[in-house]
Amino acid sequence: MKITEFTYRGPDSEDQSLNFDCKATVENDSDFPVEMIKTSACLVNSDGVCVGGSSDDEIDTFIDPKESSEIDISTGWNIPSAGFSELNKIKVVSDIVMYRREFSKLGLIDVPTKDNSCEFVPKISTISGLVEILGVTCLREKPDDEGDVGVQLYCGVRNISNTYIEKVSIKMILIDQEEAQIEDSESYEALPPRVAKILNPSFYGVKAGKLRNSSLRITASIYLPVDHNSAESVAVKEK
């Protein structure tokens, strides 16, 4: 990982805050495609004290093994310039984690045709022997006063391992009778070892006519770390 750009703007005339732009080049040294990166950036002054920054920021990406890519690293907004006695010595300390994705197709089911009724994916499955999927329930809600319909999905996921899973995602895609995608929705959580959670992607305000003969394609993904990187850089004033 190499920081290729780190600039600041300000101080702002009203609140004396600073804003930053930070870019880096990262290389995938693993044997797996990288499909998610999480970044953190600590902004430190000339004494090495953190004045602000940002953390746990997620980037969707795709980097093949042994390939590289440029990423934007979030640094937060409106950082107080009062925390820096020397603007030419502001430094960013950035850490990133790169993740591969394990993917599973859970099924294609019809959207329920009656109000307050359900369809199911009764199959119990596992992803990479780490996460157990306890089937799926799809609920079609009663239309609201404007005639729009809500569709809810409920899926239980269990971490049956001793591995911390940074992200478990359930995604549903609504497909009309002509097999065109109407909408998609995703629900995700971190999943500590031996913990279960309920994921609930949903649609609201769907016209009843669009649900006629429609179906849902449901998938699950988990994200596992493959590499960690760190880099530092001193800021320069934006030209």
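Reader: Where in the chain is Thr 75 placed?

Author: In this predicted model, Thr 75 sits in the loop that runs between strand E5 (68-72) and strand E6 (79-80).

Reader: Is Thr 75 buried or exposed?

Author: The reading rests on relative accessible area, and under 20% counts as buried. Thr 75 has 3%, so this loop residue is buried.

Reader: Which residues is Thr 75 in contact with, leaving aside its neighbours within four places in sequence?

Author: The residues in contact with Thr 75 are Phe 20, Cys 22, Ala 41, Leu 43, Gly 53 and Ser 54. For Phe 20 there is also a polar detail: the Thr 75 side chain reaches the backbone oxygen of Phe 20 at 3.5 Å.

Reader: Next, the strands. How many residues of strand E9 are buried?

Author: Begin with the general pattern: side chains in a regular strand alternate between the two faces of the sheet. As for strand E9 (residues 131-140), seven of its 10 residues are buried, and the strand is mostly covered.

Reader: How many bridges join E8 to E9, and which way do the strands run?

Author: Strand E8 (residues 117-127) is joined to E9 by nine bridges, and the two run antiparallel. As one example of the pairing, Ser 117 has Arg 140 in E9 as its bridge partner.

Reader: What lies between the strands in the hairpin of E8 and E9?

Author: Three residues lie between the strands of that hairpin, and Ser 128 takes a positive phi near 55 degrees there.

Reader: How many bridges join E9 to E10?

Author: Eight bridges join E9 to E10, and this pair runs antiparallel. Arg 140 appears again here, with Val 151 in E10 as its bridge partner. Arg 140 is thus a residue to look at in both pairings, with Ser 117 and with Val 151.

Reader: Now the charged pairs. How many salt bridges does the structure hold?

Author: There are 15 salt bridges in the structure. One of them joins Arg 9 and Asp 21, whose closest N and O atoms are 2.6 Å apart. Arg 9 belongs to strand E1 (residues 2-9) and Asp 21 to strand E2 (residues 17-27), so the salt bridge ties together parts that are 12 residues apart in sequence.

Reader: Are Arg 9 and Asp 21 buried or exposed?

Author: Values between the cut-offs of 20% and 50% count as partly exposed. Arg 9 is partly exposed because its relative accessibility is 28%. Asp 21, at 29%, is partly exposed as well.

Reader: Which parts does the salt bridge of Glu 58 with Lys 167 tie together?

Author: The closest N and O atoms of Glu 58 and Lys 167 are 2.7 Å apart. Glu 58 is in strand E4 (residues 50-63) and Lys 167 in strand E11 (residues 165-175), so the parts tied together are 109 residues apart in sequence. Glu 58 counts as partly exposed at 34% relative accessibility, whereas Lys 167 is buried at 4%.

Reader: What links Asp 148 and Lys 207?

Author: Their side chains meet in a salt bridge, 3.0 Å from N to O. The pair links distant parts of the chain, with Asp 148 in strand E10 (residues 148-159) and Lys 207 in strand E14 (residues 202-207), 59 residues apart. Asp 148 is buried, with a relative accessible area of 9%, while Lys 207 is partly exposed at 47%.

Reader: Which residues do salt bridges with shared partners join into one network?

Author: Arg 9, Asp 21 and Glu 238 are joined into one network in this way.

Technical notes. Residues numbered from 1 in each chain as written. Predicted model: local features only at pLDDT ≥ 70, side-chain atom pairs only at ≥ 80, totals over all residues. Heavy atoms only, no water. Salt bridge = Lys/Arg side-chain N within 4 Å of Asp/Glu carboxyl O. Helix = DSSP H or I, 4+ residues; strand = E, 2+ residues; numbered from the N terminus. Buried < 20%, exposed > 50% of the residue type's maximum accessible area, 1.4 Å probe, protein only. Polar contact = N/O pair within 3.5 Å; in protein donor to acceptor, adjacent residues only side chain to side chain. Contact = heavy atoms within 4.5 Å. Pairing = 2+ DSSP bridges.
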